[in-house]
Amino acid sequence: MPRRRDNGNPLLEVVVAIVVPAVILMKFSGDQHLGTTTALLVALAFPFGWGLYGLVRLHKLSFIAVLGVISTLLTGGIGLLKLDPQWLAVKEAAVPGLIGLAVLISARTRWPLIRMLVYNPQVLDVDKVDAHLAARGNVDAFEARLRNGTLLLAGTFFFSAAMNYLLARWIVTSPAGTEAFNEELGRLTLMSYPMIALPSMAMTLGVVYYLAHGVKQLTGLTLMEMLHHPGDPAAK
């Protein structure tokens with residue numbers, strides 16, 4: 001029996017990486033509690049530790065987990081070095097912006113990034129889909145849809161980058177290394193989830209639907225017929 005993939009607990013991830021750090025920054029940054037520096041370090045330890053736990057649990061490097069660890073280190077550096085708050089906004093925009101740029105560049109290659117994420121033997125019965133595309137003469141149309149899907153996916157990351165920058169500039173205005181900076185950073189962490197993460201997730205699901213609906217039309221297959229079934233010898 002194939003080993004079931006561990007996708008983790010999304011609710012636990014939100015609590016550990018978002019809620020707990022935000023509460024620490026907003027409520028325990030005063031001198032009567034942890035102090036600004038200690039509160040910042042403790043708060044950042046949660047997403048940093050969660051990212052490292054993901055690396056150990058998956059027994060391989062996860063691109064998203066690595067980005068999360070790097071982002072956490074950059075945030076800590078900005079706070080500890082007491083840099084201008086505008087650098088926090090730049091950092092918040094840089095991570096999704098760079099991902100979006102990588103996705104956009106891949107659209108110019110023979111292997112758009114979205115192909116590796118969606119159109120792979122672990123998800124779909126690629127041989128069956130290819131055969132139906134060829135039989136219907138829709139190979140070029142499918143490649144065009146993949147490229148369009150890649151552009152749309154890049155757009156979701158650029159949206160996230162722009163919103164991250166604007167939200168950070170709006171909320172975090174106090175000098176780094178102060179109690180006010182920590183509190184604002186906590187509010188930014190909380191607000192970024194409903195204002196950026198959820199809309200970005202909705203747009204990404206829209207891209208997936210665009211691709212799935214297109215493949216269904218181009219192949220004449222249902223979703224269940226396209227999916228890879230590990231127990232089916234013909235799908236191996």
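**Questions on a predicted helical chain**

Trainee: Which residue forms a salt bridge with Glu 92?
Mentor: A salt bridge is a side-chain nitrogen of Lys or Arg within 4 Å of a carboxyl oxygen of Asp or Glu. For Glu 92, the closest N and O atoms of the pair are 2.6 Å apart. The structure holds one salt bridge. The partner of Glu 92 is Lys 91.

Trainee: At which pLDDT do side-chain atom pairs count?
Mentor: Residues are numbered from 1 along each chain as its sequence is written, and side-chain values use heavy atoms, with hydrogens and water left out. This is a predicted model in which local features need pLDDT of at least 70, totals for chains, interfaces and linings use all residues, and side-chain atom pairs count only at pLDDT 80 or more.

Trainee: Is Lys 91 buried or exposed?
Mentor: Buried means under 20% relative accessible area, exposed means over 50%, and partly exposed lies in between (1.4 Å probe, protein chains only). Glu 92 has 18% relative accessibility, so Glu 92 counts as buried. Lys 91 has 7% relative accessibility, so Lys 91 counts as buried.

Trainee: How many helices does the protein chain have?
Mentor: Helices (H or I, at least four residues) and strands (E, at least two) are DSSP runs, numbered from the N terminus. Along the sequence the pattern reads α-α-α-α-α-α-α-α-α. The strand count is zero and the helix count is nine.

Trainee: Which residues does Ala 168 touch, leaving out those up to four places away in sequence?
Mentor: Ala 168 is found in helix α7, and its relative accessible area is 1%, so Ala 168 is buried. Contact means heavy atoms within 4.5 Å. Beyond its sequence neighbours, Ala 168 touches Ala 89, Glu 92 and Leu 188.

Trainee: Which residues touch Thr 156, not counting those up to four places away in sequence?
Mentor: Thr 156 also has its place in helix α7. Its relative accessibility is 6%, so Thr 156 counts as buried. The residues touched are Ser 200, Met 203, Thr 204 and Val 207.

Trainee: What is Ser 160 in contact with, leaving aside neighbours within four places in sequence?
Mentor: Ser 160 lies in helix α7, which covers residues 139-171. With 12% relative accessibility, Ser 160 counts as buried. Its contacts are Pro 96, Ile 196 and Ser 200.

Trainee: Which elements give two or more residues to the largest nonpolar core?
Mentor: A nonpolar core is a set of buried Ala, Val, Leu, Ile, Met, Phe, Trp, Tyr and Cys residues joined through side-chain atoms within 4.5 Å. The largest has 16 residues, and those with the most contacts inside it are Ile 114, Val 129, Phe 142 and Met 226. The elements giving two or more residues are α4 (86-106), α6 (126-136), α7 and α8 (179-219).

Trainee: How many residues are in the second core?
Mentor: This core is separate, and its residues include Leu 40, Leu 88, Leu 167 and Ile 171. Nonpolar side chains tend to be buried together in soluble globular proteins. The size of the second core is 14 residues.

Trainee: Which ring does the charged end of Arg 145 sit over?
Mentor: A charge sits over a ring if NZ of Lys or CZ of Arg is within 6 Å of the ring centre and within 35 degrees of the ring normal. The charged end of Arg 145 is 4.2 Å from the ring centre. The ring is that of Tyr 210.
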